Amino acid sequence: MNNIVKFFRSAIAGPLAALIIAVIIISLTTDRFLTTQNFINVSLQVSTVAIAAIGSTLVILTAGIDLSPGSAVALTTCVLAILVKNMGIPLPVGMLAVLIMGIGMGLVNGFFSTYGRIPTFVVTLATMSIFRGLAFLVTKGHPIFSISPYLENIFYGKILGIPLPFLYMLILYAITAVFLRNTRSGRAIYAVGGNESAAHLSGIHVNRTRLLAFTLAGLTAAIAGVMMAARLNSGSPNYGVGLELSAIAAAVIGGASLAGGYGNIVSTLFGALTVAVVQNGLNLNAVPAAWQNITIGSIIILAVGLDMWRGDFGTNLSRIFSFDRGKEESQKEQPEEEGEK
Amino acid sequence: MEYILQAENLSKSFPGVQAVGDVSFSLRAGEILALVGENGAGKSTLMQMLGGVQKPEAGHIYLKGIPVIFSSASDAIHAGISMVFQELSLVNGLSISENIFANRQPVGRINNIQWKELGQRTRELLDRFNLDLDPMTRVKRLTMSNQQILEILKAISTGPKILILDEPTSSLTEAETVDLFENIQKLKREGMSFIYITHKLGEVFQLADRVMVMRDGKYVGSRIVKEVTEGDLVGMMVGREINDMYGATDRSASSRQNRFSIEGFTRKGFFHDVSFELGQGEILGLAGLVGAGRTELARSIFGIDPKDSGKLTLDGEPVEINSPKEAIDQGIAYLTEDRKGQGLFMDMTVLENLVAPVLKEFTNRFGMLVGNKITDNVEDRIRKFDITTPSAGQKVLNLSGGNQQKCMIAMWMGIDPKVVLFDEPTRGVDVGARTEIYHKLRELAKEGTGVVIISSELPELIGICDRILAVHQGQITGEVFRDEFSEELIMSYAAGIKNQLHH
């Protein structure tokens, strides 16, 4: 019984429940949803945003925000196209170069928002504009097609029937989960976001921790950029528009607090999947794009709202499940409720 | 006895103030040195220099005779000086063990955190303080006093030779304070040295071997505790004699008219069936332990929190209050215990704070604020309430605790209240400002305002109140009039040992 209560109180429960509910509702509305081909489609769609959402979550955990990944993705696709197609650099070298560039973009964001003491929202609002501008500059505004015949292979292949992008995504999420839970740097990210001065007094390098989060966010944006380029085998300054907002939405639906310190990477994955599944369901039902936007927005309100109201809901639920645990234990719950408010 | 720590000519200034000027002192091994002084005397700044949080502008620190320079808190911790800060420095979203061992988690071969060992080491520390808590409990679920103890555990966990405690008992109950003192004595026997900052002079005599006094950033002197009286210390702190701290009560008050009363106030889980009457010009105290429900009661009266049932009467008329706005409109003021968090706009100026609840009065018929009128009024009130500030344009956050408190009083007196609910009127306020605040409260009462004071300090309630109600677990357990006031009697009601109402 205790485990059930624990699970309902855990951070993962809400986002997972949302995903399951979305899957059930959509599968009732159309029989084209629960098909292998459709799952492959969804997994291809979700992987780019979900990978960028890793970085968004890391930055949000440190009480920051990153608005630049959409533009970073566009710049990555353009630079990769130019390096490989126009300059003839081998694909692996080109990919390595753009990943390093991603780290560089993250460092720029991180540097200005820590040592430069400019709020993260402002810094990344500026770099969102700058990265997009650079993408237009280097391509002179024209998309570059057919980068390399090999590029598509890293996207459209399968291992054990699982599409590669989905696999990359799962691996990156697993690495991030272990990093956040089992390393000092990972815990420092929570500490810095939860209480900056306490973190400082505990000997944590606050600026270095924030810089690390941004750097990793730059890297995941670049990986998402490579995926985007591979999917369409092209680079364009118009790719990735609005991707940063989808990534933030995934983190927020997953329960990450924009105030920092609270959040969970696995929940972000559920958040991203929920958005992708809902979008897919609306597509299958031929719902116009306008309504899709409205629906996604409503889900964000609902998800965060439910999280806010869960305090009462979770308490009631735990009462239901604790009826057989004796009076003493239910009294112990009391201070916990107060703590929630 | 050898000196473990010596400070020589330490100085530090902030824009506009010399916080610490040329202070030298020394700490013996295995000694508890109390550090007292009014707010703004420079105690915290001095300790922050020892703890590596602030850098001294001049002077030297010697540890066992060897000069040291700290550029961060972790340097100091490494050298064996740990500090427990006045403001809680915990991360709410993380567990007890992660807070204690922040950035020092035991790690394995590939730098992976060893959660099991982390839990065990936390449990050992918790056991030492007889705390039955799960190391994985998140800090936000802990009570204030447990959080305070956690701060201390965090500092001890580094195995320091010197532990600096900055007002550690401000949110602890009596029993927890006793526990803490026992633990300090235990650690002292194990050879740890302590510097203990406090405002409660009683604690100096309970705990310390030696006491050092600071005033206006300067070292005033240090004395062996056994050879000094409380009066001596107050004299050293204030630099002058304080007579008539609480002022004289208004004896004519016995035949007061009823100003305000509550009946049957209940909020499930916080307080139950609370009723009292408050006369015109009466000062009524609510005594009780931390967590007895007094603050929650005041908040419900003022309409911040909901109540399940209860009636309010003001000057004989029943009134309905469901929000702070309605309370203010009725002439009820609530001065919070959480001055920084809820009472004042810390980043705004004195002027902006003082007019905040009464902006309507300074608006012309076009809805615009009238600048001159505001300035005159504010200057007037700064004088009336003796707020020491360079100008009305000074940010409140740059004022001392006492002056901030006076600002909050001046701010609320702007609404000309009929009833004032005052939660911990002198928390974090120095002796000088305290006296002024007590005298202001007396003046207010003389004008007919009913005053309710919630305080954890019994001497304060006994000094200032006409009548005291003891609250225990959300219920009134005793009513004591001025001529029967005694700490023992009131405590026995507040602790639930005696009960007048339910035998």
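These legends walk through three views of a predicted model with chains A and B.

**View 1. Where chain A meets chain B.** Let's begin at the contact, to which chain A gives 21 residues and chain B gives 21 residues. On the chain A side, the elements that supply two or more residues are α9 (184–194), α10 (196–201) and α15 (326–340). Of these, α9(A) provides the largest share, with six residues. If you like to think in terms of chemistry, the side of chain A that touches chain B holds nine nonpolar, nine polar and three charged residues.

**View 2. Inside chain A.** Here you can look through a chain with 15 helices and four strands. Chain A has 341 residues, and 46% of them count as buried. Its contacts reach across the sequence: among those with a separation of 6 or more, 78% are between residues 24 or more positions apart.

**View 3. Inside chain B.** Turning to the partner, you will find 17 helices and 20 strands in chain B. With a radius of gyration of 24 Å, against the 23 Å that the globule rule gives for 503 residues, chain B comes close to the rule and so is as compact as a globular protein of that length. For a sense of scale, its C-alpha trace spans about 70 × 55 × 50 Å along the principal axes of chain B. Buried residues make up 43% of the 503 in chain B. As for contacts in chain B between residues at least 6 apart in sequence, 68% link residues at least 24 apart.

Note on methods: Residues are numbered from 1 along each chain as its sequence is written. Chains are lettered from A and ligands numbered from 1 in the order in which they are written. This is a predicted model: local features need pLDDT of at least 70, side-chain atom pairs count only at pLDDT 80 or more; totals for chains, interfaces and linings use all residues. Two residues are in contact if their C-beta atoms, placed from the backbone, lie within 7 Å. Ala, Val, Leu, Ile, Met, Phe, Trp, Tyr, Cys and Pro count as nonpolar, Asp, Glu, Lys and Arg as charged, and the others, Gly among them, as polar. A residue is buried if 20 or more other C-beta atoms lie within 10 Å of its own, exposed if 12 or fewer, and partly exposed in between; C-beta atoms are placed from the backbone. The radius of gyration is taken over C-alpha atoms; the globule rule is 2.2 Å times the number of residues to the power 0.38.
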